[in-house]
Amino acid sequence: MTDSAAPVVLIVEDEPDVAETYNLWLADDYEVRIAADGDEGLDKLDEEVDVVLLDRMMPGLSGDEVLERIRERELGCRVAMVTAVEPDFDILEMGFDAYLSKPIRSGELLETVEKLLERSTYDRLLQKYYALVEKQATLETAKSGAELAESDEYAQLQNRIADLQEELSRTMGGVKDDDDFVAAIQHIGGSEDT
């Protein structure tokens, strides 16, 4: 374990050597929890967990069943299936965020965890951004231009939207203008759907 501010990764893996290998790869940068089966994984899962690395084939609860229960709890964690099971069309109905086929290398695992954490950051910022844009649109529909121009609250709202847009642009690696910003947001939305 690193420090209390480090993102939390839960490894749910029934092969102890494999779980310990993942732990060694991740422990420098993340707080790592290890569960030997699906039931223990669900016991160790709480709102502090950011990423779950989930084996599909385990005794007792399968990874697929654990994944369903994780989604039923509506926790904000990201889930990567890490498995020897070759993906088939059944994955279309599954609510995971990434799929890694064993054997995997340390770089692949670390990159996947990092991408899932970045995606969570996008989601939080996007939710705030869209909530504020919705408020802006509501006010612009209900109030006259003069009323909006005189409102300190509306000016603060516009500043908050601009700040969030800038933060999203930085998170996405730099966006030049509004058209680029909209395209980047649409790209993220598209990548979420695939």
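Start with the whole chain and its contacts (heavy atoms within 4.5 Å): among those between residues at least 6 apart in sequence, 57% join residues at least 24 apart. Keep in mind that this is a predicted model, where local features need pLDDT of at least 70, side-chain atom pairs count only at pLDDT 80 or more, and totals for chains, interfaces and linings use all residues. Residues are numbered from 1 along each chain as its sequence is written, and side-chain values use heavy atoms, with hydrogens and water left out.

Now switch to cartoon. You'll find seven helices and five strands, taken as DSSP runs numbered from the N terminus (helices are H or I, at least four residues; strands are E, at least two). Trace the chain along its sequence and the pattern reads β-α-β-α-β-α-β-β-α-α-α-α.

Next, turn on the surface. It comes to about 11,600 Å² of accessible area, 47% of it belonging to carbon and sulfur atoms; the method is Shrake-Rupley with a 1.4 Å probe, and for residues only the protein chains shown count as cover. Of the 194 residues, 39% count as buried, where buried means under 20% relative accessible area, exposed over 50%, and partly exposed in between (1.4 Å probe, protein chains only).

Select E74, in the loop between α3 (63–72) and β4 (78–83). E74 isn't a glycine, yet its phi is positive, about 55°. With a relative accessible area of 71%, E74 is exposed.

Move on to K102 and P103. The peptide bond from K102 to P103 is cis, with omega near -5°. P103 sits in the loop between β5 (98–101) and α4.

Follow the chain into helix α4 (residues 106–142) and pick E114 there. E114 counts as partly exposed because its relative accessibility is 37%. Add D28, D29 and E118 to the selection: with E114, they gather in a patch of negative charge on the surface. A patch takes residues with over 30% relative accessible area and no salt bridge, joining like charges within 9 Å and nonpolar side chains (Val, Leu, Ile, Met, Phe, Trp, Tyr) within 5 Å. A salt bridge is a side-chain nitrogen of Lys or Arg within 4 Å of a carboxyl oxygen of Asp or Glu. Asp and Glu count as negative, Lys and Arg as positive, while His and the chain ends aren't counted. Each charge is placed at CG of Asp, CD of Glu, NZ of Lys or CZ of Arg.

Last stop: Y129, also in helix α4. Y129 counts as buried, because its relative accessibility is 12%. Show I161 too: Y129 and I161 are 32 residues apart in sequence and 6.4 Å apart in space, C-alpha to C-alpha.
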